[in-house]
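Hello,

Here is the structure I said I would pass on. My notes follow below it.

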Number of protein chains: 2
Amino acid sequence: MSRAIDPSNIIPKYYQLANILREQIENGTWKANGTIQSERQLEQQYNLSRPTIRQAIDLLITQGYLYRIHGKGTFVSPPKLQKGILELTSFSEDMRNRGLEPGQEFLEFGLITPPKKITTRLDITDPLQKVLRIKRIRTGNDVPIGIQDSYLNLPEKKTITKEELEERGSIYVILQEKFGIYPAEADETLEVTLASEEEAALLSIPAGSPLLLNERILYSQDRKAIEFVSILYRGDRYKYYMRLTKKV
Amino acid sequence: MSRAIDPSNIIPKYYQLANILREQIENGTWKANGTIQSERQLEQQYNLSRPTIRQAIDLLITQGYLYRIHGKGTFVSPPKLQKGILELTSFSEDMRNRGLEPGQEFLEFGLITPPKKITTRLDITDPLQKVLRIKRIRTGNDVPIGIQDSYLNLPEKKTITKEELEERGSIYVILQEKFGIYPAEADETLEVTLASEEEAALLSIPAGSPLLLNERILYSQDRKAIEFVSILYRGDRYKYYMRLTKKV
DNA sequence: TATAGATAGTGGTAATGACCACATTACATC
DNA sequence: GATGTAATGTGGTCATTACCACTATCTATA
């Protein structure tokens, strides 16, 4: 049961085809490491040209759904986590993937003059420039999982209210829908630290417990640094997962 | 001084062009976030068709060197670390990037019948199948940094000797040059643990010190699991770095 | 002066056609 | 039976052509 391409649709044909194929992959139409139709067959089947077919397949390859072997065919990747950068960087999404209900408790919310460490990370030169600081305790099923401390370098005259954030749930959704800004790249580090008295109290653990510190700088589509965020995870309750794909 | 495309070369034209552009990017021909030539200009300049131009640019975009903005142009990404999966997964390369001289001390080397945990990770069903285990202490400037424990699922009748490994330095180089196997994807986790007596002794730290545990499953170009490796890093001497790029 | 519209330049999408390189299979030959 | 070769099907590369969509700028108009 394959849907068809709608030429009048504003969505590009290669994108429509990619969606159809992705759906079939997720439905288990093909088994893992099995071949899908050849490019010539898809050409016939959907009445599209080969460049368009290849463009759709290219997209699914960069998304990790398919891979090609020259002379043999196009294959379905084994069903692993397929996460984009947005999901990777969203605590809520992360929690839900682990089967936990995400929650939060605000510690700070408002415009501040950023300290040196933050101006460096966000490439801020104007000493009067302010950033939006959001510090929260993050929970999964009401158990404290981590302390998230975020510094947002928003465009002139634009800001986010606490109400918006509580309503929409995600900073990134607001950035995208309200300002047309979306994350394109991120630099990220992970290291071990020990809980200070204050951190220990916030996370309900003994001082000196090992923590996983995750720091991230987020860049928008025009490569401006838009956010510096650190998340301190309880070492006993959190495991960081990622998937790497060869770029060449 | 732009080199030219050699049509008789076995290397594809788009690949030659990508190399030329990458070189210019690294030479600093354009400033960060500046535009390169338009696609039509490149067409003229190198006497190539636009699809070929776009293919070259697409490659450099997935490699993180360039980005496009519709209606404005093609831009040079700020000079950050541009790492492929191979470099990301090689301890030696990693150390050199940090300005440390990598070293190692072998603890185990040889074919073993893998324990349950390993057969699960490597999708091994044959109970007679053996894997190559390599356990090493890894050092940077002769200071112990981590304990690396690797299990390789090699093709039938093929193996790697300790001498080869010491000579070539990297398992991945041997896999690629000797067997034509190269890493295409990896699943990776990071978590905090505390050093056992044995681990503490190997790393010259007190028992109970916090460690960063990195586990990785490597997949080859045909999506077979080829290696499971765990690296225990000294929490006080190691910080994990990565760069994420949006896939869509 | 402010605004709306036209224009030019950029990347985005798409069809058509051709040929090359790699992997597998079938078949002829030794 | 073993071996080599041809045929077939797959993805890989490339040129040509056309038109669409977004951005910035210029220009005529209110």
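B:G180, just after α8(B), has a positive phi of about 70°. This is a predicted model, and the values below are computed from it.

The helix before that glycine, α8 of chain B, runs over residues 171-179. At its N-terminal end B:S170 acts as the cap, with a side-chain oxygen 3.1 Å from the backbone nitrogen of B:Y172. Buried in α8(B) are B:I171, B:Y172, B:I174, B:L175 and B:F179. These residues lie on the same side of α8(B), because the arc they cover around the axis is only 160°.

Helix α1 of chain B also has a glycine after it: B:G28 follows α1(B) and has a positive phi, near 80°. As for length, α1(B) comprises 15 residues, 13-27; at 1.5 Å a residue it should span 21 Å, and the end C-alpha atoms are 21 Å apart, so the two agree.

Which residues of α1(B) are buried? They are B:Q16, B:L17, B:A18, B:I20, B:L21, B:R22, B:Q24 and B:I25. Their cover includes two helices of chain B, α2 (39-46) and α3 (50-62), along with the strands β1 (66-69) and β2 (73-76).

Last, the two chains. A turn of 180° with a shift of 0.0 Å along the axis lays chain A on chain B, with an RMSD of 0.3 Å. The relation is therefore that of a two-fold axis. Both copies use the same surface: of the contact residues of chain A, 98% recur in chain B.

Regards

Terms used. Residues numbered from 1 in each chain as written. Chains lettered and ligands numbered in written order. Heavy atoms only, no water. Least-squares fit on C-alpha atoms with pLDDT ≥ 70 in both. Contact = heavy atoms within 4.5 Å. Buried < 20%, exposed > 50% of the residue type's maximum accessible area, 1.4 Å probe, protein only. Helix = DSSP H or I, 4+ residues; strand = E, 2+ residues; numbered from the N terminus. Arc of directions from axis to C-beta. Polar contact = N/O pair within 3.5 Å; in protein donor to acceptor, adjacent residues only side chain to side chain. Expected span 1.5 Å × (residues − 1).
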